[in-house]
Amino acid sequence: AMISLRQLLDHAAEHDYGLPAFNINNMEQIHSILLAANEVDSPVILQASAGARGYAGEPFLRKMVEAAIEQYPHIPICMHQDHGASPAVCQMAIRSGFSSVMMDGSLLADAKTPASYEYNVDVTKRVVEFAHAVGVSVEGELGCLGSLETGQAGDEDGSGATGILSESQLLTDPDEAAAFVAATKVDALAIAIGTSHGAYKFSRPPTGDTLAIDRIKAIHARIPNTHLVMHGSSSVSQASLEMIRKYGGRIKETYGVPVSQIVEGIRNGVRKVNIDTDIRLAMTAAIRESMALHPEEFDPRIYFKSAILAAQQLCKDRFEAFGSAGRA
Ligand code: G3H
Ligand code: 13P
Ligand code: NA
Ligand code: ZN
């Protein structure tokens, strides 16, 4: 059944677990996520970006999610608009049947230029007004995502601000977060705590302080009833990178956010954990391997099935690690 983000995350907060929010663009990704959720009995957040709508087309995206709900009636599913760049985008998502929208007012409508606090409050507040009127949850974002290592936010395959950001932009301020939530009434807040979108997050292996855990604690203490969201949460499996390279892919050395650090974030108040890149990597590795090992095959179901199985395993691992398994 369709459920709002607020209902899902309230339950997660009450029982101290976190939920992965996986990005979807096609049927195979939706199948992977639901197969895994069904296996371990986890509620699900499916999220779609503007790019996903452009790729699949609005009716296909909507009908595929309806199909998931029909096929898995016992699993609570939240359909979330990821990174809405304007109130108009959020309004369109609500018309499409989404039960949750993100108004990302940390950036201007070009989805690249860091916005002022006042702009962010204004657009987010407007979305909360029309979304809450029809029972739809709202996620806002305060602070700009970017690596504390380099200050880089823009990367080759992720979305977000471009250019070099200062440390004060890269870490959400707890006082400002409290004021933002009071002014907008968002249900969930994406915070900047050292992660960035895409595969190229860190150039060196993680040392255990990838995330600004103290900052998560400080923000959670100020806004305990607002669910914290961590974007850019892919772990960038070295095994997937090796498989991609082994079968002809070209991906530079790079590292993601270790699952153990995400779990530490969940212990300190993070409830929604956004993951897109890890499914992309798992599927690409599996398809490359399948094609290389079975060069005589040309039925797409063969390599798509291997991609589904690889992504299913990844999703299952995250449901279990974040504690949402057994909570459906
Ligand atoms: O936050 C960005 C997500 O990974 C979605 O990426 O805009 O390429 O669909 P996309
Ligand atoms: P990753 O690129 O780390 O998977 O992050 C995805 C994300 O934050 C989508 O909003
Ligand atoms: Na989102
Ligand atoms: Zn994001």
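I started at Glu141 and, setting aside neighbours within four places in sequence, I found this residue in contact with Asp104, Gly105, Ser106 and Ala190. I note that the model is predicted, and I read every entry here with that in mind.

Next I looked up where Glu141 sits, and the residue falls in strand E5, which covers residues 137–142. I counted 27 other C-beta atoms within 10 Å of Glu141, and the residue is therefore buried, since the cut-off is 20 or more.

I then turned to Asp104, whose place is in the loop between strand E4 (100–103) and helix H6 (117–132). Asp104 has 28 other C-beta atoms within 10 Å, so I entered this residue as buried. With neighbours within four places in sequence left aside, the contacts of Asp104 are His83, Gly84, Ala85 and Glu141.

I checked the annotation as well: an unreviewed UniProt entry places the feature "binding site" at Asp104 and Glu141. The two are spread over 38 residues of sequence, yet they cluster in space, with a largest C-alpha distance of 5.4 Å.

Last, I looked at the nonpolar interior. The largest nonpolar core has 95 residues, and I listed Ile33, Leu46, Val101, Leu189, Ile191, Ala282 and Ala311 as those with the most contacts inside it. Helix H13, residues 300–322, gives the largest share of this core, 9 residues. From that list I followed Leu189, which, not counting residues up to four places away in sequence, touches Gly140, Leu142, Ala177, Val181, Ile223, Thr226, Leu228 and Val229.

Conventions: Residues numbered from 1 in each chain as written. Chains lettered and ligands numbered in written order. Predicted model: local features only at pLDDT ≥ 70, side-chain atom pairs only at ≥ 80, totals over all residues. UniProt positions renumbered as here; feature names shortened; annotations may be inferred. Helix = DSSP H or I, 4+ residues; strand = E, 2+ residues; numbered from the N terminus. Buried ≥ 20, exposed ≤ 12 C-beta atoms within 10 Å, placed from the backbone. Contact = placed C-beta atoms within 7 Å. Core = buried A, V, L, I, M, F, W, Y, C linked by C-beta atoms within 7 Å.
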